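Trainee: I am new to this model and would love to take a close look at one part of it. Could you then walk me from that part to the rest?

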Amino acid sequence: MATIHFCPQCHCYTLQDHCPHCQTKTILNKPARFSPQDHYGKYRRALKKLEASE
Ligand SMILES: [Zn+2]
């Protein structure tokens, strides 16, 4: 599985250990599903609500 890296220099995402644009060493960006903000929480709840209504 590919890991997403983030370049703090140009604020872009890449799969490389180093940014293809500025060659800065990128930092590992955790997948969204592990985010404490839970971006998909609202979506999941909406889906659950949708399933319940059927
Ligand atoms: Zn960069």
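Trainee: Let's take the helix: what should the 12 residues of helix 1 (residues 41-52) span at 1.5 Å a residue, and how far apart are its end C-alpha atoms?

Mentor: Happy to, and please keep in mind that this is a predicted model. At 1.5 Å a residue, helix 1 should span 16 Å, and its end C-alpha atoms are 16 Å apart, so expectation and model agree. The expected span is worked out with one less than the number of residues.

Now look at what surrounds the helix. None of the 12 residues of helix 1 is buried, so the helix lies largely in the open. To count as buried, a residue needs 20 or more other C-beta atoms within 10 Å of its own. Few residues in the protein reach that mark: 4% of the 54 residues count as buried.

Where does the helix sit in the overall plan? The protein has one helix and three strands, and from the N terminus on the order is β-β-β-α. The helix therefore comes after the three strands along the chain. As for links along the chain, 7% of the contacts with a separation of 6 or more are between residues 24 or more positions apart.

Let's move on to the strands. They form an open sheet in the order 2-1-3, with antiparallel pairing. Strand 2 and strand 3 are the edge strands, each pairing on one side only. On average, neighbouring strands of this sheet are turned by 45 degrees against each other, direction ignored.

Take the two pairings in turn. Strand 1 and strand 2 run antiparallel and are joined by three bridges; here cysteine 7 has cysteine 12, in strand 2, as its bridge partner. Strand 1 is also joined to strand 3 by three bridges, again antiparallel, and histidine 5 has leucine 28 of strand 3 as its bridge partner.

Isoleucine 27 is a good residue to click on next, as it lies in strand 3. Leaving aside residues up to four places away in sequence, isoleucine 27 touches His5, Phe6 and Pro8. Its C-alpha atom is 7.5 Å from that of proline 8, although the two residues are 19 apart along the chain. Even so, isoleucine 27 counts as exposed, because it has 10 C-beta neighbours inside 10 Å; the limit for exposed is 12 or fewer.

Finally, let's visit two loops, starting with a general point about the backbone. Most residues other than glycine have a negative phi. Histidine 11 goes the other way, with a positive phi of about 55 degrees. This residue sits in the loop between strand 1 (4-7) and strand 2 (12-14), and the hairpin of those strands has four residues between them. Histidine 11 has 7 C-beta neighbours inside 10 Å, so it counts as exposed.

Glutamine 23 also has a positive phi, near 65 degrees, and is not a glycine. You will find glutamine 23 in the loop between strand 2 and strand 3 (27-29). With 11 other C-beta atoms within 10 Å, glutamine 23 is exposed.

To return to your starting point: helix 1 has the end-to-end span expected for its 12 residues, and it lies largely in the open because none of them is buried.

Methods. Residues numbered from 1 in each chain as written. Predicted model: local features only at pLDDT ≥ 70, side-chain atom pairs only at ≥ 80, totals over all residues. Contact = placed C-beta atoms within 7 Å. Pairing = 2+ DSSP bridges. Axes fitted to C-alpha atoms, helices over the stretch in contact; angles between N-to-C directions.
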